[in-house]
Each structure stands twice: as C-alpha cells, then as structure tokens.
Amino acid sequence: MWIRAFVNESLIKSSPHISGARDVRWIMQQVLLALLPGIVAYVILFGPGILIHLGIAAATALGLENLALRWQGIDPQPFLRDGSVLVLACLITLAIPPYAPWWISFLGVAFAVLIGKHAFGGLGHNLFNPAMVGYIFLLLCFPRIMGQWPSAGLDAASRGLIDSASLIFTSAPDGIDGRSGATALDHVKTQATLMRMQSEMHADNILGLVGGRGWEWINLAFLAGGGWLLLRGVVRWRLPLSFLCGLGLAASIGFISDPELHRGLWFHLLTGAGLLAAFFIVTDPVSSATTPKGMLVFGFGAGVCTYLIREFGSYPDGVAFAIVSMNACAPLIDRLTQPRLYGTQTKETK
Amino acid sequence: MIEAIAALVGLLVIGAWLLLHHREPERDSRSRIVRRIDEILPQTQCQQCGYGGCLPYAQAILSGNAPIDQCPPGGPVVKRSLAELLGQSNIARLRLSDSEAVDQIVVIDESTCIGCTKCIQACPVDAIVGATKQMHTVIADHCTGCELCIPPCPVDCIDIVRLEPGLERWRWSMPTHLGSERRNHPRI
Amino acid sequence: MNRTLHAFKGGLKLASHKDQTRHIATRDICHPETLYLPIKQHVGMAAVPCVEVGQAVRKGELVARSQAYVSMHVHAPADGIVASLRDFPVIHPSGLQALCIELSVSERHDDDRLTARGANPADLMRLERHVIYDRIEQAGIVGLGGAGFPAHVKMHEGSLQHVDVLIINGVECEPYITCDARLMQEQAQDVVAGATLIRWLVEADACIVAIEEDMDDTRGALAQCKSDAFELIAVPAIYPAGSEKQLITVLTGLEVPSGSLPIDIGIVVLNVATVVAIYRAAAYGLPLTERIVTVAGDISMPGNIKALIGTPVQHVLDQCGGFDSATHRVLSGGPMMGIEILDPRAPITKVTNCLLVLERKLQPPASKACIRCGDCVPVCPIGLQPQQLFEASRSADVDEAQDLNLFDCIECGCCSYVCPSEIPLVHYFRYAKSSIESLDIDRAAADDARLRFERHKTRLSASESSDVDEQVSLADVSGLRVSELQNQVHDAIARARQRRKK
C-alpha cells in the first residue's frame with residue numbers, strides 16, 4: 001500500500017500531468033543551429049575573426065550569468081543549461097566588426113547580461129532586448145571601432161586564424177586602418193550627403209548586386225536559418241513577416257517618391273542587419289509583443305522605424321534603435337491588442 | 001528653428017497633459033478613510049487589538065496611534081490590504097499565500113450552560129441565541145471566534161473549536177519549486 | 001448529416017493513446033468487501049446520511065439524502081451493513097479526507113429488476129414529464145463526464161426555457177479515456193432510447209449525438225440503430241473538443257456568453273453516460289450505483305471495467321494487474337484535467353471516468369522562468385493571455401487577474417502543456433481563483449458581522465438610555481473585585497484554550 005500519512009502541500013500538483021516535448025533548452029539549441037549558416041557566411045566573407053569574438057563572448061556570457069544568478073541567490077545550473085545566454089552572446093558578436101579589439105565583445109556582452117538582462121530581473125523580465133542594449137552601448141561609446149567594417153571578400157577573408165587573433169588582441173583601436181572602411185549603409189548615407197544621386201553610386205565598389213557587397217550573402221544565410229526556425233515552429237510567421245513588410249513597405253514608398261534619393265526595397269532588406277533582425281532579434285520572445293495582433297503591430301513598427309532611422313537618422317543602421325523603441329511600447333501594444341475572449345462576441349452569428 | 005521650437009513645445013504640452021490627466025485622485029476625507037479601513041478589518045469586534053472594536057481601531061490607525069499589524073483574526077491579508085491603502089509599502093510585500101489567520105468559532109456545552117445570558121450580552125455580533133434560564137447556543141455561521149464571550153461565562157461552558165481545513169474550506173496554494181523565485185524573498 | 005462544423009480557437013492535437021483500451025470489451029470485476037460512499041460526489045451541497053451505523057441496507061437503497069436544490073442523493077451499490085460513518089480518503093486534489101459511509105458488503109443477491117420493469121421510450125412518453133424528472137432525481141444521477149452537476153437540475157433548467165438543441169456528448173477528448181466510446185458501442189440501444197426520451201423531456205427542436213471522428217466502431221454501432229431521433233456527428237479530435245463550451249461552438253457556431261450557461265442560448269449538453277443512466281432510471285427505476293471506468297496507462301491489464309460506486313481505487317487496480325507505487329502514480333480522469341490520487345484507498349465516485357497509471361518522471365531542473373514566448377496564447381481555447389495571467393497570479397494581483405478574465409479560464413491545461421519553461425500555469429490560475437474566492441467569502445462574512453455589530457450597538461445604546469438600572473456589570477453580578485475578576489477571566493480563557501488543544 002502506498003499511503004501518505006500527511007498531506008504535504010508541495011505534493012499537490014495541478015493538472016495537466018503531461019507536457020509537450022519542447023523546452024527552453026531545445027528552443028535555444030534550434031536558434032543556435034539556425035545562426036550557423038550566417039556565421040559560416042561571415043567567416044567566408046570576413047575571415048575567422050568572428051570566431052575569436054564568439055569565443056570571448058560566450059565565455060563572458062556564461063561567466064557573468066553564473067555570477068549574476070549567484071548574487072541573487074538563485075541556482076545558476078538550470079539557467080546555464082538552457083543556453084539562452086549563448087544566443088545573446090552570438091547576436092552581439094554578429095553585430096560587432098570582426099576585427100574589433102577583444103574587449104569590445106567582452107564589454108558588449110557584459111553590459112547586455114548585467115544591465116540589459118539582470119538589472120531588469122533576469123530571464124523573462126527584461127524590458128529591452130539585451131543583445132540590442134549591449135550593441136547600442138558599444139555603438140554609443142565606441143562609434144569609431146563599431147563603424148570599421150572590413151570590405152567583404154577582400155584581404156580580410158584570406159587572413160588566417162592566428163593573424164586574426166593577433167589583430168584582435170594586440171592592435172590599437174585604429175590599427176586596422178586602410179584595410180577597413182564603412183559599410184554599404186554608411187557609404188550610401190555619406191555619399192548622399194555629398195549630393196550624389198543613387199544612380200551614380202551603382203558602380204561603387206562597396207555595393208553589391210542589390211545590397212551591400214557580401215552582405216547580401218550573409219543575409220541570405222540568415223534567411224535560410226530563419227526558414228529553418230519557421231519550419232521547426234520555433235518562430236511563428238507574424239513577427240518576421242510584419243517586420244519585413246514594414247521595412248519593405250517604407251522602403252518602397254521612399255523609392256517611389258524619389259528613386260534618386262532613396263534606395264529601394266531589396267537594398268534595404270538585404271543590407272545591414274535586415275534579415276538577422278527579422279528572424280533572430282525582432283522574434284526575441286521576452287521583449288516583443290505576445291498577442292497575435294500585437295506581434296503584427298510590433299514587427300511592422302520595428303520595420304518602419306528601422307527604415308526611418310536608416311534614411312533620416314544619423315546612424316547608418318537603425319535596427320537596434322528601432323527594436324529597442326518598440327520594446328518600450330510592447331507592454332502597451334499587448335494591452336491594446338487583447339484578443340477577443342470566448343463568449344464575448346458582439347454580433348450574433350446565428 | 002521655428003519648427004524645432006514648435007515640436008518641443010508640442011511635446012511639452014502633450015507630456016504635461018498626460019501627467020496631469022493621470023494625476024492621483026483627490027485625497028479622501030478622514031471619515032472616508034476610516035470607513036475604508038473599517039471595511040478591510042474582519043469585523044470580529046474581538047478587541048484583541050486593544051481598542052473597543054473594529055471601528056475604534058480603524059480610527060486609531062488613522063490618527064497614527066496604532067500600528068496596522070494588531071489584528072490577529074485578520075492576519076496577513078488584512079495587514080496587506082491596510083498597507084496598500086495606507087501606503088506602508090514595506091508591509092505590502094506580503095503575499096496571499098501567507099494567510100495564516102486562525103479560523104475558529106466557539107461552541108456552548110449545552111449540558112453545562114445555566115442560561116445566564118452573560119455571553120449573549122458579551123457577543124458583539126449577536127451570534128448567540130437563548131433566553132434567561134434557557135440553554136444558549138452559538139450560531140456557527142455568525143460566530144467570528146473573537147473569544148469575548150468566554151470570560152463572562154460563570155460555568156466555563158464555552159469552548160473554542162478550531163475549524164479544520166475540510167474539503168469545502170481547502171484552497172489551492174501557490175505552486176512550489178520554482179527555480180526563478182528569489183529564495184530570500186523579503187517576508188514580514 | 002450535412003451540418004457544417006465550426007472550429008473553436010486554440011486547442012491541441014494530442015496523442016490519443018485510446019487504442020490501448022478501445023477494442024477491449026467492458027468487463028466486470030469482483031466486488032470489494034467494503035465500499036466507501038462519499039456523501040459529496042457532485043457539484044453543490046453534500047448529501048446528508050440517512051442511515052444508522054449497524055443498519056442493514058439493500059442494494060439501491062437511499063443512504064444519504066439531498067437537502068438542497070443543487071445536491072444529490074447517494075444510494076447503496078450493494079446489499080450490506082453500514083459499518084461506520086467516518087472521514088475517509090477521497091479523490092480530491094488536496095488529498096484530504098471527507099465524510100464517507102462505510103458499507104460492509106454482504107453476499108450478493110441477483111438483481112432481477114433490469115428484466116422485470118423495463119419500459120420502452122414510447123411507453124415512458126405517455127407519462128407526465130414531472131414523473132420522469134422525479135425518477136431522475138430519485139436515482140441520484142449527476143453528470144458522469146467529470147463535472148458531476150446534478151442531472152435533474154440541468155434538466156429542470158432545460159424545461160423552463162426553450163431548448164433549440166440537445167447535445168449528447170460522446171466526445172472524450174482527453175487521451176486514454178474510452179469509457180464513453182465503449183458504452184456507446186456496447187449499449188447503443190440504451191443511448192438511442194435515452195436520447196429519444198430526453199429530447200421529448202426537454203422538448204428540444206434538435207438532438208445531436210457528438211462523437212470523435214476517429215471512433216469508427218462507435219459510429220458504426222450507433223448508425224446501426226437507425227434512429228431519426230438524433231443526428232450523429234463526428235467532430236475533429238482536437239483537445240478540448242469535448243468540453244461543453246467548445247463542443248457547442250463546434251456543432252452550432254454559437255458561443256456561450258462569458259458568465260452564462262449553455263441553457264441561456266437554448267442548448268442542453270449531457271454526457272452520453274448520463275443519458276444512459278437517465279434512461280435506466282426512468283425505465284427501470286435503477287439508481288446510479290455503478291459506472292464504467294477506463295483503466296489505462298502503465299498497467300498490465302488495461303481496459304474498461306464496470307465498478308460499483310465506492311470501490312477503492314486500490315481494489316480496481318489490483319484487479320487489473322496492479323502497479324508499482326514507487327515508480328508510478330495514479331490519476332483520476334485524463335492526463336490533462338485529472339486529479340492525482342494521493343491515497344489509493346480513496347473510492348471511485350460517480351464522476352470517476354478513468355484511472356490512469358503514469359510513470360513518475362524525474363525531470364531535470366528547469367529554469368521555469370516565463371520567457372514570454374507566447375506559445376500559450378494560440379492554444380488557449382478561450383482566448384486568454386496565460387502569460388499575462390501568470391504574472392498577475394504569481395504576484396497575487398487580484399484586480400489585474402480579474403481584468404484579464406481569470407474566471408473565464410476552463411483549466412483545460414493546454415497552456416501548461418505547451419509551456420517550454422514547464423510553468424504550472426493552471427496551478428497558478430487555480431491558486432489565484434481560490435484566493436479571490438476565499439477573499440470574497442471573508443469579505444462577505446465581515447460585512448455581515450459589521451452589520452450585526454452595528455445593530456448590536458444601536459440596541460445597547462437604546463436600552464442604556466431607556467433604563468440604566470437594567471445594565472449589569474460583570475463585577476456587580478459576581479460580587480468580586482476588579483483584580484480578582486480579571487484573574488478569573490484569564491483562568492477561564494486558559495481553561496478553554498487547554499480544552500481546545502485536546
């Protein structure tokens with residue numbers, strides 16, 4: 001006989017007594033897997049520098065997460081196991097120029113984990129996307145380093161691992177002069193201020209077929225990863241699609257209004273962090289809207305904001321700022337887009 | 001230049017409107033606050049707080065003479081509600097699950113009762129019925145367990161009965177084993 | 001048969017696990033020596049025992065009487081002697097005990113009433129309707145699908161309003177459970193007779209028997225009866241399609257307004273086992289004393305068994321091959337909404353439709369932090385925001401939880417099932433609901449006490465002003481000095497407290 005003499009409250013478990021197979025760990029594994037093609041494209045185009053930064057970022061993230069949880073008196077084991085902090089590290093690394101000094105990724109991740117995530121209450125409680133918070137911190141504090149991207153596919157890609165390491169660990173912040181320059185978005189922006197028309201820029205070396213040279217391929221790799229996530233049901237279509245629609249629509253309107261001043265749809269989608277944002281950043285569950293309609297509003301708003309900042313703001317890429325601004329609106333969006341409740345319909349369907 | 005100034009002024013106006021529009025409502029008058037405190041108190045009229053009943057205690061709380069944690073029957077729930085009402089936020093962090101209010105009522109041992117009516121006079125909520133030289137009894141649903149009837153009884157025939165948590169009174173409690181809960185959560 | 005089906009929002013496609021038991025014929029088990037009859041096996045007030053300890057009762061005799069509108073009688077499932085009236089473990093999430101009538105079963109007498117007084121629906125329909133209602137009430141029938149709402153109350157409400165559709169619910173959307181499917185297959189004639197009778201009884205315009213779409217045997221058995229009293233409709237097997245509200249939506253496209261009952265939109269839903277029980281009560285006068293229970297999961301002899309109400313769970317499981325309590329646990333009901341049975345001595349009641357043996361899984365520690373992934377939102381059949389409700393429930397924010405329509409939650413468990421952080425969401429919602437309910441009860445009691453205190457005060461002051469002489473102080477009566485009196489008071493309280501401790 002199996003009888004319990006007394007009833008312990010902690011034994012009382014509510015139904016349901018079974019659960020689905022997905023857990024946070026599985027979700028984060030899928031996201032990391034989906035980031036792989038993008039990282040490979042990075043390595044091919046910019047050389048292995050990013051791998052070193054990934055290593056630094058991952059170590060920093062795990063270490064600080066552990067520390068931050070211990071400070072709060074929480075067992076860090078389950079949190080470290082679920083891998084959410086590794087995704088955070090990857091996303092920041094992908095936004096950092098591959099030959100930036102080593103402390104850039106360290107600082108970015110540290111800020112993201114400690115301030116972006118734990119200062120707000122840890123996993124699930126952060127108001128802003130921690131990866132974007134870390135990136136914005138770097139962008140504001142070290143604008144020069146963060147703006148120096150190597151030209152894709154030139155000498156950077158042929159650089160070896162040891163060479164890259166020495167560059168990352170030893171060089172002074174501006175020691176990579178000559179081998180690096182602005183990104184395509186940067187270029188278009190500076191040239192536009194010099195009153196050059198878009199049609200005149202077509203032949204510019206830095207621009208590729210449609211987007212920035214090289215960036216098109218990276219973005220396509222992210223698209224492939226995003227497709228995988230959609231297929232596995234990790235990401236639902238609403239957020240990425242509405243983001244791309246917002247960005248695309250705004251870009252098309254700009255292009256139609258004046259093709260000589262504004263770049264078109266494909267340029268905006270395939271340049272900078274366009275598709276990375278659509279599938280990996282906008283879709284961050286913690287800081288985005290969660291109601292079905294709210295997701296559409298959130299994604300669309302982030303897309304439009306991105307375009308506006310790219311075209312009219314003073315920063316070349318607006319993804320981070322756009323998403324952080326929308327994060328701030330997410331609770332409001334959620335509240336205003338509550339779905340209709342069963343049994344509360346207004347019209348009679350009889 | 002003018003556009004910039006206009007935009008800033010516009011923002012200011014909107015911000016000010018938002019702030020002022022959602023201002024805290026007018027402060028309640030004293031009597032209204034006393035009434036609201038009284039509404040929170042459990043109305044056992046047991047005087048365990050040291051005041052003559054729930055209403056006198058409410059008045060004492062508002063005048064600042066009485067702390068808000070002097071109500072044993074109310075337990076943490078009442079304490080929390082009072083703290084919320086009066087803005088004593090350090091106490092407001094109590095949770096519903098901390099409710100430990102003792103549920104008890106009294107019963108009269110009817111074979112011992114001599115029918116003196118003293119307990120009937122003592123009962124603040126008219127929960128005892130009976131007449132002189134007649135056996136008395138407690139209406140269980142009305143009894144608040146305040147114990148005020150026990151001292152006057154000359155023959156000690158009133159017993160306190162703890163209400164056991166039967167199926168009808170059982171409540172779901174907060175789930176346990178949550179990794180994300182802070183272990184050292186501040187408690188009162 | 002050309003009724004268009006509608007979809008309800010949310011829900012889950014679950015592995016059905018029904019093949020384990022659906023092809024095995026219902027079997028009898030040997031009866032236990034002792035039955036335990038809880039006096040409350042239903043929604044509403046508990047019944048009041050009307051037998052004495054030591055009294056001999058016959059099978060079908062009334063042992064506990066309903067004394068309220070929403071309450072139900074309890075009958076003796078077998079001949080025997082009332083051994084005691086005492087608290088005994090029952091199937092309840094708390095694991096607490098409740099008052100049961102312990103019945104020592106005597107040797108079994110053959111029951112010949114089933115053949116003796118059978119009446120067909122056509123004969124019954126010549127009777128007055130209230131006669132049938134009376135028989136249903138006397139038979140102690142409650143909803144057998146799990147909720148346990150007294151059937152006569154539901155029928156009575158149905159008779160007061162116009163009923164457009166009578167829905168007979170044979171949709172067992174929970175995994176593992178097949179007791180209704182077997183019942184419809186094996187006793188199709190009774191289902192048809194019951195449907196005909198009840199349709200006449202509540203004067204429904206239409207009658208639908210709903211079953212799950214992958215239950216071909218059941219559909220075949222019912223179709224063979226070729227009755228035009230009802231439409232037989234198969235609904236998609238999406239959990240919780242068998243839930244009353246969701247089933248109504250699937251079949252009619254209507255939604256039960258929040259806070260209302262199905263009858264308010266002209267619909268009565270009855271579980272198929274309830275229908276059969278009602279027919280037997282009306283035709284044979286048989287009280288509800290046994291039911292079909294699915295025994296499934298990790299057990300060697302799964303299947304559906306016919307069990308007397310009051311049979312201890314342990315006895316049933318022993319008859320089905322037994323199980324290892326160290327590695328397994330037993331649920332009453334399905335895996336999504338069932339109750340874990342903390343004590344196997346607890347008896348089967350009128351609402352126990354399944355005993356499910358599941359392995360105790362040792363789960364690796366999960367972070368259990370809500371990452372707001374929103375997986376719970378699309379699966380909620382009500383359209384709630386479980387992730388927001390979770391925050392409100394956890395911080396015991398009563399107003400916020402009610403703003404988010406906590407009380408519309410049907411506790412189906414879809415949100416907890418999909419939650420990747422394995423947060424026991426339903427547990428949180430139940431906790432919040434219970435907290436709010438008990439606060440409301442306390443508040444109502446306090447308001448009542450305040451009112452009586454105020455009247456008490458007014459009366460005192462009135463009598464004080466009229467004749468002061470009548471006022472007697474405690475000191476006057478006992479002739480003691482104040483300090484002595486205080487000592488006596490303390491002693492009195494101490495003595496009373498002492499007694500309480502015992």
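**A parallel sheet in chain C and the contact with chain A**

Helix H6 (residues 188-202) of chain C lies across three strands of that chain, E9, E10 (206-212) and E12. The helix runs at about 150° to E9(C). The model is predicted. A second helix, H8 (residues 244-252) of chain C, lies across E9, E10, E11 and E12 of chain C. H8(C) runs at about 120° to E9(C).

The strands beneath this description belong to one sheet. Strands of a sheet pair through backbone hydrogen bonds, either parallel or antiparallel. Here the pairing is parallel, in an open sheet of 4 strands with the order E11-E10-E9-E12 in chain C. Strands E11 (231-235) and E12 (267-271) of chain C form the edges, and each pairs on one side only. On average, neighbouring strands of the sheet are turned by 25° against each other, direction ignored. Strand E9 (residues 165-170) of chain C pairs with E12(C) in the parallel sense over 5 bridges. Within these strands, C:Ile167 stands opposite C:Val269 of E12(C).

Chain C also meets chain A. In this contact, 41 residues of chain A touch 55 residues of chain C. On the chain A side, the elements that give two or more residues are helix H1 (24-46) and helix H3 (77-81) of chain A. H3(A) gives the most, with 3 residues. By residue class, the chain A side that touches chain C divides into 19 nonpolar, 15 polar and 7 charged residues.

Technical notes
Residues are numbered from 1 along each chain as its sequence is written. Chains are lettered from A and ligands numbered from 1 in the order in which they are written. This is a predicted model: local features need pLDDT of at least 70, side-chain atom pairs count only at pLDDT 80 or more; totals for chains, interfaces and linings use all residues. Two residues are in contact if their C-beta atoms, placed from the backbone, lie within 7 Å. Ala, Val, Leu, Ile, Met, Phe, Trp, Tyr, Cys and Pro count as nonpolar, Asp, Glu, Lys and Arg as charged, and the others, Gly among them, as polar. Two strands pair if DSSP finds at least two bridges between them. Axes are lines fitted to C-alpha atoms, for helices over the stretch in contact, and angles run from 0 to 180 degrees between N-to-C directions.
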